[in-house]
Amino acid sequence: MKLKDTGYTELEIKEKVNQYMIETYERFDFVAETAKGMYLYSAEGNAYLDFYAGIAVNSVGNCNKRVVDAVREQCGELMQTFNYPYTIPQALLAEKICTTIGMDKIFYQNSGAEANEAMIKMARKYGVEKYGPQKYNIVTARMSFHGRTFGAMSATGQPDNACQIGFGDMTPGFSYAEYNNLESFKEAATENTIGIMVEPVQGEGGVHPATKEFLVGLRQFCDEKGILLLLDEVQTGWCRTGAVMSYMNYGIKPDIVSMAKALGGGMPIGAICARKEVAKAFTAGSHGTTFGGHPVCCAAALAAVNELLEADCAKNAKEMGDYFCSKLAMLPHLREVRHQGLFIGVEFDDTISGIDVKHGCLERKLLITAIGDHIIRMVPPLIVTKEDCDKAFEIIKETVERL
């Protein structure tokens, strides 16, 4: 929908949002009207270089033609049926995902938070049914983030985070350990622990990749104790980190893995994949979804996955991530650059505010996000080039110098 076709001004559109919508976001101060490749375009015609990709969603680029064509074709054939009949997009996508990442079974959801809810539920039900009524506890990491539904936000190891404040008691059954500290997780696990749930790269916690010693150690510890390893790959999944799934960088495999964001190529879809034995915990009536496995979203996801794999976006993520971060290491007031592929965090010293850097970059037509007091985060589309990285670096550098 174009602004010129509505009869309203850009200011009037913003006023309608302020009047009618419940706002929990700090908005970029422009009306996004169109997008293509590495750019978002405002209703006024300004081009914004996109280094946030809808928060790691548009990995194949904004409005990727292959994804758009798949959506258009599927919309004209079958839009929604619920999960009673078989549908072709569901079947083909299930096969593609499971065979690509080496997992046995898949369950579709609508988002990352829903995928993590499903992963938590499956692990708890598996534990209770196999070992007894007390075997449902899950250990997660401090400074983790798993979503804003009740189970997912209870799993989130940030008690001072706004996502947990004001809602009363969290869902019981979770305990927390220090990320990248294997001994801390071993100490937190008890006889009633059924799962250890971590992100291979902590995103909201400041972009901290897991060390190989930590993640491989968790896999070995889980095997020794009969505990399930649950990996939240909502942000890291599908080529962002230099491998199809981040766990492939470590040479391990989880018992259950969640995914979303990049999976849909811009359409809303989430999923969990699990080992066959663990997946049996979900039986008729134990879990369900009206829109999960939506034919249009599955068709979009199949197109997006094929595009990511055929274009070898994992390789580009590794190469461009290394290239971009080598330039970011030259920024003034820098404390540290952390990344895995094109999942990038830049932490400045105490004199530089991440929010101020974000706002300064927005004024210069670069879209990034900020987390914490002094950190900016970038998750650009995986089609990014050296020229895009050079342009982004110069904007960030100029912004920091002006601050």
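How many bridges join S13 to strand S14? Keep that in mind while you look at the model, which is a predicted one. Here are my notes, point by point.

1. **The hairpin.** The count is 6: that many bridges join S13 to strand S14, which covers residues 343–348, and the two strands run antiparallel. You can trace some of the pairs yourself. Gln-340 stands opposite Phe-343 in S14, and His-339 has Ile-344 as its bridge partner in S14. The hairpin of S13 and S14 has 2 residues between the strands, and Gly-341 takes a positive phi there, near 65°.

2. **The rest of the sheet.** Now zoom out a little. S13 and S14 belong to an open sheet of 4 strands, with antiparallel pairing and the order S13-S14-S17-S16. Strand S13 (334–340) and strand S16 (369–371) are at the edges with a single partner strand each, so one side of each has no neighbour in the sheet. Direction ignored, neighbouring strands here are turned by 25° against each other on average. On to the next pair in the order: S14 and S17 run antiparallel and are joined by 4 bridges. Among the pairs to look for, Gly-345 has Arg-377 as its bridge partner in S17.

3. **What surrounds S14.** In a regular strand, side chains alternate between the two faces of the sheet. Are the two faces of S14 covered or open? Both are covered: Phe-343, Gly-345 and Glu-347 are buried on one side, and Ile-344, Val-346 and Phe-348 are buried on the other. Since 6 of the 6 residues of S14 are buried, this strand is largely enclosed by the rest of the structure. Have a look at helix H12 (residues 354–363) too. H12 lies across S14, S16 and strand S17 (375–378), and runs at about 175° to S16.

4. **Salt bridges, starting with a buried one.** Side chains of opposite charge can pair when their charged atoms come close. The model has 24 salt bridges. One of them links Arg-219 with Asp-255, with the closest N and O atoms 2.9 Å apart. Arg-219 sits in helix H8 (residues 212–225), while Asp-255 sits in the loop between strand S10 (228–232) and strand S11 (256–259), so this pair ties together parts that are 36 residues apart in sequence. Arg-219 and Asp-255 are both buried. They also have company: Lys-130, Arg-219, Asp-223, Asp-255, Arg-275 and Glu-277 are linked in a network of salt bridges.

5. **Two other salt bridges.** Glu-398 pairs with Arg-402 in a salt bridge whose closest N and O atoms are 3.5 Å apart. These two residues are 4 apart in helix H13 (residues 386–402), so about one helical turn separates them. Glu-398 is partly exposed, at a relative accessible area of 32%, whereas Arg-402 is exposed, at 61%. Glu-23 and Arg-27 also form a salt bridge, with 2.8 Å between the closest N and O atoms. Glu-23 is partly exposed with a relative accessible area of 30%, and Arg-27 is partly exposed as well, with 48%.

6. **A charged residue with no salt bridge.** Which side chain of opposite charge is nearest to Glu-10? That would be Lys-14, which is 4.4 Å away; Glu-10 is buried yet has no salt bridge. A salt bridge needs the nitrogen and the carboxyl oxygen within 4 Å, so a distance of this kind falls outside the cut-off. What does the side chain of Glu-10 reach instead? Its side chain gets to the backbone nitrogen of Val-31, at 3.0 Å. Leaving out neighbours within four places in sequence, Glu-10 is in contact with Leu-3, Phe-30, Val-31 and Glu-44.

7. **Next door in helix H1.** Glu-10 lies in helix H1, and Leu-11 lies in H1 too, a helix made of residues 10–20. Their surroundings are worth comparing: Glu-10 is buried, but Leu-11 is exposed, with a relative accessible area of 53%. If you want a sense of scale, pick out Leu-11 and Thr-385. They are 374 residues apart in sequence, and 34 Å apart in space from C-alpha to C-alpha.

How values were computed: Residues numbered from 1 in each chain as written. Predicted model: local features only at pLDDT ≥ 70, side-chain atom pairs only at ≥ 80, totals over all residues. Heavy atoms only, no water. Pairing = 2+ DSSP bridges. Axes fitted to C-alpha atoms, helices over the stretch in contact; angles between N-to-C directions. Contact = heavy atoms within 4.5 Å. Buried < 20%, exposed > 50% of the residue type's maximum accessible area, 1.4 Å probe, protein only. Lys, Arg positive; Asp, Glu negative; His and termini not counted. Polar contact = N/O pair within 3.5 Å; in protein donor to acceptor, adjacent residues only side chain to side chain.
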